[in-house]
Amino acid sequence: MKEIHVSINGNDVTGLGSLDNPFRNIQYALNYVEPGSTVIIHNGVYEPFVINKEASGTKENKVIIKSADNEQATIQGIHGEFSITVHMVNVENITIDGLEIIGGGLGIYCISDNSIGNKTLENITITNCIVHAYEDKEGIIKVRATLLN
């Protein structure tokens, strides 16, 4: 299984995604995900990110995005704007584990949109996460399916 590390002290230009030479941004690290990968996010506050269908796992080899053991990764949404902090589009076989998600109009938003590829939302696990709503917005999960015409 492939591990990809992300740290606030990492670098997307010179980083390799290793423990000793991590990437800086979760979004950048997702470019290197393949089925069975685990993205390990170390202590710190990170920008919102989008998980698209190319980052999906398989039933046998899920993709896991998680805080490092005994560490707390926080995903900070944009306050005062209607935005999405963790956005999953047409994904399947993904686990989100141990993240704190703060702010944004929607904390976690999952969408199955056939206008950008025919994938269903399937086998998505969200565990050990703390999701904070911003003001009176939606903090937990919003799921919407676009139907075929």
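# Parallel strand pairing and local features

Thr74 stands opposite Glu100 in strand S9. This opposition belongs to a pairing in which S6 and strand S9 (residues 99–102) run parallel and are joined by 4 bridges. Two strands are taken as paired if DSSP finds at least two bridges between them. The model is predicted: local features require a pLDDT of at least 70 and side-chain atom pairs a pLDDT of 80 or more, whereas totals for chains, interfaces and linings use all residues. Residues are numbered from 1 along each chain as its sequence is written, and side-chain values use heavy atoms, with hydrogens and water left out.

**Overall composition**

The protein chain contains 1 helix and 13 strands (DSSP runs numbered from the N terminus, of type H or I and at least four residues for helices, of type E and at least two for strands). In sequence order, its pattern is β-α-β-β-β-β-β-β-β-β-β-β-β-β. Of the 149 residues in the protein chain, 46% are buried. Here buried means under 20% relative accessible area, exposed means over 50%, and partly exposed lies in between, for a 1.4 Å probe and protein chains only. The exposed area of the protein chain is about 7700 Å², of which carbon and sulfur atoms supply 49%; accessible areas follow the Shrake-Rupley method with a 1.4 Å probe, and for residues only the protein chains shown count as cover. Among contacts (heavy atoms within 4.5 Å) between residues at least 6 apart in sequence, 67% join residues at least 24 apart.

**Strand pairing**

Strand S6 (residues 73–76) also runs parallel to strand S3 (residues 44–46), with 3 bridges between them. Within that pairing, Gly44 stands opposite Ala73 in S6. S6 is thus bridged to S3 and to S9.

A second series involves strand S7. S4 and S7 pair in the parallel sense over 3 bridges, and His87 in S7 is the bridge partner of Val50. S7 also pairs with strand S10 (residues 106–113), again in the parallel sense, over 5 bridges; there Val89 has Ile111 in S10 as its bridge partner. Strand S7 (residues 84–89) is largely enclosed by the rest of the structure, because 5 of its 6 residues are buried. In general, the side chains of a regular strand alternate between the two faces of the sheet.

**Ser56 and its surroundings**

Ser56 is located in the loop between strand S4 (49–51) and strand S5 (63–67). Because its relative accessibility is 7%, Ser56 counts as buried. Beyond its neighbours within four places in sequence, Ser56 is in contact with Pro35, Val63, Asn90, Val91, Glu92 and Ile94. With Glu92 there is also a polar approach: a polar atom of the Ser56 side chain lies 3.0 Å from the backbone nitrogen of Glu92.

**Aromatic cluster**

A search of the whole structure finds 3 aromatic pairs (rings of Phe, Tyr and the six-membered ring of Trp, with centres within 6.5 Å; planes under 30 degrees apart are stacked, over 60 edge-to-face, and the rest tilted). One of them is the edge-to-face pair of Phe23 and Tyr28, at 5.1 Å centre to centre and 75 degrees between the planes. Tyr28 and Tyr32 also pair: their ring centres are 5.6 Å apart and their planes stand at 50 degrees, so this pair is tilted. Phe23, Tyr28 and Tyr32 form one aromatic cluster. Within this cluster, Phe23 is buried at 3% relative accessible area, whereas Tyr28 is partly exposed at 27% and Tyr32 is partly exposed at 37%.

**Cysteines and positive phi values**

The count of disulfides (pairs of cysteine sulfur atoms within 2.5 Å) comes to 0. Two asparagines have positive phi: Asn123 near 55 degrees, and Asn128 near 55 degrees. Asn123 lies in strand S11 (residues 122–127), while Asn128 lies in the loop between S11 and strand S12 (130–132). The accessibility of these asparagines and of two cysteines is tabulated below.

| Residue | Relative accessibility | Class |
|---|---|---|
| Cys110 | 4% | buried |
| Cys129 | 21% | partly exposed |
| Asn123 | 36% | partly exposed |
| Asn128 | 61% | exposed |

Key
A polar contact is a pair of N or O atoms within 3.5 Å; within protein, one must be able to donate a hydrogen and the other to accept it, and residues adjacent in sequence count only if both atoms are side-chain atoms.
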